[in-house]
Amino acid sequence: MNYLYIGKIVNTHGIKGEIRIISSFEEKELVFCKNTKIYIGDNFEEKVIISYRHHKKYEMIMLKNYNNINDVLQFKGKKVYINRDDFEKLNNVILKDDMIGLDCFIADNYIGKVSDIYNTGNNNELIEIISKSKKKILIPFNKDFILSVDKKSDKIMFKKEVPYVEN
């Protein structure tokens with residue numbers, strides 16, 4: 001199984017078995033939901049989420065058959081994972097990290113390979129592409145500019161109207 005890290009259990013919350021997770025996973029709303037299978041710890045114990053809510057900077061979940069604080073204390077400090085294959089099949093989502101190294105095209109013209117995706121502040125993200133001539137091309141990371149991402153052929157197709165900077 002191909003596991004994908006989604007966060008760490010930092011504590012419990014209340015006495016009814018709620019678990020507090022800190023997560024920087026980019027697609028939280030797709031994984032922290034009812035009936036999602038998660039895997040906890042180094043042994044990847046399979047558990048099922050029965051409830052979810054966001055509280056302050058934490059993702060709060062309850063697990064099937066765990067309804068007491070004493071039942072969930074054992075998970076404190078452990079990492080939480082999902083099955084990458086299940087996640088991608090169910091949600092038809094390509095994660096940003098998976099885009100690094102893909103070939104980029106604008107209107108069928110090859111422009112280079114993705115070298116990085118980073119945040120510039122104010123929730124603005126850029127896709128950094130290194131061209132054949134070793135120049136950097138910066139494109140705003142906006143799903144409206146992306147026509148398709150095909151991991152099988154290692155390609156990202158951008159709309160021909162995509163704004164970019166080359167330096």
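**Exercise 1. Work out how β10 and strand β13 pair, then follow β10 to its other neighbour.**

Step 1. Take β10 and strand β13 (residues 165-166): they pair in the antiparallel sense, over two bridges. Here strands are DSSP runs of E, at least two residues long, numbered from the N terminus, and two strands pair if DSSP finds at least two bridges between them.

Before going on, note that this is a predicted model, where local features need pLDDT of at least 70 and side-chain atom pairs count only at pLDDT 80 or more, while totals for chains, interfaces and linings use all residues. Residues are numbered from 1 along each chain as its sequence is written, and side-chain values use heavy atoms, with hydrogens and water left out.

Step 2. Pick out a bridge: Ile 137 has Glu 166 in β13 as its partner.

Step 3. Now look at strand β9 (residues 124-130), which runs antiparallel to β10 (residues 136-140) and is joined to it by five bridges. Leu 126 stands opposite Pro 140 in β10.

Step 4. Check the turn. The β9 and β10 hairpin has five residues between the strands, and Lys 134 takes a positive phi near 65 degrees there.

**Exercise 2. Place these strands in their open sheet and find its edges.**

Step 1. Write down the order: β11-β12-β7-β8-β9-β10-β13, seven strands with mixed pairing.

Step 2. Read off the ends. β11 (146-150) and β13 each have a single partner strand, so one side of each lacks a neighbour in the sheet.

Step 3. Find a parallel pair: strand β7 (residues 103-106) and strand β12 (residues 155-158) share four bridges in that sense. Asp 103 sits opposite Lys 155 in β12.

**Exercise 3. Trace the barrel and the largest nonpolar core.**

Step 1. Go round the barrel: six strands close it in the order β1-β2-β5-β4-β3-β6, with antiparallel pairing.

Step 2. Zoom in on β1 and β6, which run antiparallel and are joined by five bridges. Tyr 5 has Tyr 81 in β6 as its bridge partner.

Step 3. Turn to the core (buried Ala, Val, Leu, Ile, Met, Phe, Trp, Tyr and Cys residues joined through side-chain atoms within 4.5 Å; buried means under 20% relative accessible area with a 1.4 Å probe, protein chains only). The largest one has 21 residues, and Ile 38 and Leu 63 touch the most other members. β1 (3-13), β2 (18-22), β3 (37-40), β5 (58-63) and β6 (79-83) each give two or more residues to this core. The largest share, three residues, comes from β1.

Note on methods
Buried means under 20% relative accessible area, exposed over 50%, partly exposed in between (1.4 Å probe, protein chains only).
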